[in-house]
Amino acid sequence: MPAVDRRLEELLDREDIHDVIKRLARGTDRLDAEMMASCYHPDGFDDHNSFRGSGTEFAAWVLEALANFQSTMHFIGAPAIRIEGDTAQTDTYCVAHHVSKPDENQQQSDIVLGLRYVDRFERRDGTWLIAKRVCAFDWTYTLQLDAGRSFPFLEDFTVGHRDHSDITYSGV
């Protein structure tokens with residue numbers, strides 16, 4: 001195969017892998033178990049430290065764990081990807097916000113995490129999916145939110161939803 005064709009194939013593989021990583025972050029923030037589970041091979045494994053199990057079990061755990069928050073946002077950087085044949089190692093930086101639901105005094109907090117997703121992807125039947133993911137935590141802090149300093153969303157604002165009513169699913 002000519003060098004240009006190999007480079008093009010590698011670029012396409014990298015984009016396929018990056019799409020899986022982005023889809024998993026989006027599925028997490030939208031609480032979409034099907035989307036999250038679709039990012040793992042059926043025998044894939046996720047190690048989030050406080051959770052260890054299959055991709056499907058991970059998706060169910062996320063729905064339970066993140067339901068306690070008003071919203072989450074996992075902002076991921078471009079992954080470092082090393083491809084060797086049908087296996088790829090990735091390292092993806094992430095800053096994740098977890099905004100609590102208002103308590104009885106209408107107080108909220110934001111748990112902010114700095115972490116990396118260290119993944120082993122495998123291409124099976126032409127499809128790249130996660131075979132193993134380890135979540136490596138680098139730092140964390142919690143902010144107390146001041147509702148008086150927040151920008152109020154007006155009635156005509158498009159506001160995100162953590163289900164299939166979100167604009168992500170209907171498009172523009």
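The largest pocket of this predicted model has a volume of about 640 Å³, and its lining is made up of 22 residues, among which Gln70, Ser71, Val99, Gln108 and Phe153 lie nearest the centre. Three elements each give two or more residues to that lining, namely β3 (69–76), β5 (87–100) and β6 (108–124), and β3 provides the largest share, with 4 residues. Sorted by class, the lining of the largest pocket holds 7 nonpolar, 10 polar and 5 charged residues.

The second largest pocket encloses about 310 Å³ of space. Of the 20 residues that line the second largest pocket, His48, Trp61, Leu66, His74 and His98 are the closest to its centre. Here the elements that contribute two or more residues are α1 (3–29), α3 (55–66), β3, β6 and β7 (127–145), with α3 giving the most, 5 residues. The class make-up of the lining of the second largest pocket is 14 nonpolar, 5 polar and 1 charged. β3 and β6 are thus named for the largest pocket and appear again for the second largest pocket.

Since α3 gives the most to the lining of the second largest pocket, the helix itself deserves a closer look. α3 consists of 12 residues and spans 16 Å from its first C-alpha to its last, close to the 16 Å expected at 1.5 Å a residue. Its buried residues are Gly55, Phe58, Ala59, Val62 and Leu66. Because these buried residues cover an arc of only 100° around the axis, they are placed on the same side of α3. In general, an α-helix has 3.6 residues a turn, so residues three or four places apart point the same way. On the other side of α3, Thr56 and Glu64 are exposed. Leu66 therefore figures twice in this account, as one of the buried residues on the same side of α3 and as one of the residues closest to the centre of the second largest pocket.

The last part to consider is the nonpolar interior. The largest nonpolar core has 27 residues, and those with the most contacts inside it are Ile17, Leu24, Leu115 and Phe121. At least two residues of this core are supplied by each of α1, α3, β3, β5, β6 and β7, and α1 gives the most, with 5 residues. α3 thereby contributes at least two residues to the core, while also giving 5 residues to the lining of the second largest pocket.

Notes. Residues numbered from 1 in each chain as written. Predicted model: local features only at pLDDT ≥ 70, side-chain atom pairs only at ≥ 80, totals over all residues. Heavy atoms only, no water. 1 Å grid on protein atoms, 1.4 Å probe; cavity = no way out; pocket = protein on both sides within 12 Å on 5 of 7 lines; lining within 4 Å. Points joined across faces, edges and corners; volume = space filled by probe spheres on them. Nonpolar A, V, L, I, M, F, W, Y, C, P; charged D, E, K, R; others polar. Expected span 1.5 Å × (residues − 1). Buried < 20%, exposed > 50% of the residue type's maximum accessible area, 1.4 Å probe, protein only. Arc of directions from axis to C-beta. Core = buried A, V, L, I, M, F, W, Y, C linked by side-chain atoms within 4.5 Å.
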